[in-house]
Amino acid sequence: MKSQRIGGIVLCAGFGTRLQPITHEIPKPAIPFLGKPMVWYAVRALYRAGIRRIAANLCHLPDTMEQCLRQVCAEIGTDEPVCYREGTTIAGTAGGAAACAKLLPDCDQFVIYHGDVLSGADLSIALDEHRRSQCDVSLVVAPRPENSPLGLIETCQRQIVRIRDWCIPDDQIDPNAAHEARCFTGIHIVQRQVLDPIDPNRYTCLVTEIYPQMMASGKRIHAIYDERFFADIGTPNSYLDAQSAILAHPNLLPGARLIQPSVDDHSIDDVAFTPPIYVDASCHCKHAHIGPNVVLSHHARVEREILSDCARFEKWTISR
């Protein structure tokens with residue numbers, strides 16, 4: 001496969017219904033995670049893989065989401081993003097990605113990254129493996145825990161053979177090869193020719209519609225195995241499970257860093273802390289016990305409270 005001009009597509013159009021009422025005012029990819037918008041980690045991963053040109057699809061609270069993206073790209077030092085607004089009707093992952101691809105006409109290949117996903121995957125390694133596979137599509141897949149609520153991705157010899165309820169015919173699979181249960185991390189690598197025929201004005205899903213259609217026609221979809229940290233943030237519990245994991249081991253999520261409260265900070269008065277915690281300098285804490293597994297950011301206030309296993313930012317608190 002010849003050298004490819006690579007663009008990044010960040011999917012940011014979802015409504016985040018399971019995180020309401022926060023998402024009535026903040027799009028889910030803009031919700032802070034350890035002090036940074038969740039989408040910051042996606043943009044940073046693209047930047048570190050050498051991808052500077054980024055497009056994003058917007059639908060829910062588009063002005064807020066676009067402003068967040070622009071601030072994130074400016075902070076990281078990458079190119080200003082180009083955004084496609086879907087209006088009031090969401091176009092799905094396929095329609096949104098197709099519209100974004102049209103905003104990056106010089107790119108031959110795209111890394112599509114879901115804006116509400118946190119991942120430790122190294123995109124440079126993933127791109128190298130995709131190139132060697134000579135496939136039009138590669139999906140980064142993670143080990144699937146037993147009883148996982150995430151949809152099943154079944155692989156066989158680094159080939160995806162099942163996506164949820166759809167499976168390629170048995171006669172196309174080596175009956176003696178081992179199958180593995182995986183889950184999709186929300187990171188795709190896709191050639192332009194996959195996205196160009198898709199109608200951006202009609203709701204279409206890449207994973208449940210486009211990819212099964214490709215597999216049914218005999219096209220191979222490559223599975224990139226990645227054992228690093230991965231979290232699909234959809235609910236308060238999944239958010240807090242990810243927060244707990246990263247507070248304990250911040251090196252699992254590239255770019256994550258812990259901020260500890262300073263004993264000299266005048267905004268902290270009569271507070272007991274039980275680590276692991278994250279408290280940025282904008283926060284005000286008084287007569288409280290904070291921790292373990294607590295993150296305070298974006299001018300959070302805590303007064304005469306006992307907090308554990310939660311995140312607080314602005315006027316919002318995420319708890320179980």
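Leaving aside residues within four places of it in sequence, H60 is in contact with A13, G14, F15, T23 and P27. The model shown here is a predicted one, and H60 serves as the starting point for a walk through it. This histidine belongs to the loop that runs between strand β4 (54-58) and helix α2 (62-76). Its relative accessible area is 14%, and the limit for calling a residue buried is 20%, so H60 counts as buried. One of its contacts, T23, can be described further: the backbone oxygen of T23 lies 2.5 Å from a polar atom of the H60 side chain.

The loop between β1 (6-11) and β2 (32-33) holds P21. The peptide bond joining Q20 to P21 is cis, with an omega of about 10°. A second cis peptide bond is found from G291 to P292, where omega is near 0°. P292 is placed in the loop between β17 (284-290) and β18.

From there the chain leads to V294, which is part of strand β18 (residues 294-297). V294 has a relative accessible area of 0%, and therefore it is buried. What does V294 touch, apart from residues up to four places away in sequence? The list consists of Q243, L247, P276, I277, Y278, L307, S308, D309 and C310. P275 can be located relative to V294 as well: the two are 19 residues apart along the chain, and their C-alpha atoms are separated by 8.2 Å.

Beyond β18 comes H298, in the loop between β18 and β19 (301-303). H298 is not a glycine, yet its phi is positive, at about 50°. Its relative accessibility is 26%, so H298 counts as partly exposed. L34 also has a positive phi without being a glycine, and the value there is near 50°. L34 lies in the loop between β2 and β3. Is L34 buried or exposed? Its relative accessibility is 4%, which means that L34 counts as buried.

H298 also leads to a pocket. The second largest pocket encloses about 390 Å³ of space. It is lined by 21 residues, and those closest to its centre are A30, G35, P37, Q71 and H298. Which element gives the most to this lining? It is α2, with 6 residues. Both β3 (36-37) and α2 supply at least two residues each. Sorted by class, the lining of the second largest pocket is made up of 11 nonpolar, 6 polar and 4 charged residues.

Next in view is helix α1 (residues 38-48). This helix is mostly covered, since 9 of its 11 residues are buried. The buried residues are M38, V39, W40, Y41, A42, V43, R44, A45 and L46. An α-helix has 3.6 residues a turn, so residues three or four places apart point the same way. Just after α1, G50 takes a positive phi of about 90°.

The last stop is strand β12 (residues 179-191). Of its 13 residues, 10 are buried, so this strand is largely enclosed by the rest of the structure. Three strands that pair with β12 can be taken in turn. Strand β6 (residues 109-114) pairs with β12 in the antiparallel sense over 5 bridges. Within that pairing, F110 stands opposite V190 of β12. Strand β8 (residues 137-143) is joined to β12 by 6 bridges, and these two strands also run antiparallel. Here S138 has I189 of β12 as its bridge partner. Strand β9 (residues 153-156) is joined to β12 by 4 bridges, again in the antiparallel sense. In this case T155 stands opposite E180 of β12. In a regular strand the side chains alternate between the two faces of the sheet.

Key:
Residues numbered from 1 in each chain as written. Predicted model: local features only at pLDDT ≥ 70, side-chain atom pairs only at ≥ 80, totals over all residues. Heavy atoms only, no water. Buried < 20%, exposed > 50% of the residue type's maximum accessible area, 1.4 Å probe, protein only. Polar contact = N/O pair within 3.5 Å; in protein donor to acceptor, adjacent residues only side chain to side chain. Contact = heavy atoms within 4.5 Å. Pairing = 2+ DSSP bridges. 1 Å grid on protein atoms, 1.4 Å probe; cavity = no way out; pocket = protein on both sides within 12 Å on 5 of 7 lines; lining within 4 Å. Points joined across faces, edges and corners; volume = space filled by probe spheres on them. Nonpolar A, V, L, I, M, F, W, Y, C, P; charged D, E, K, R; others polar.
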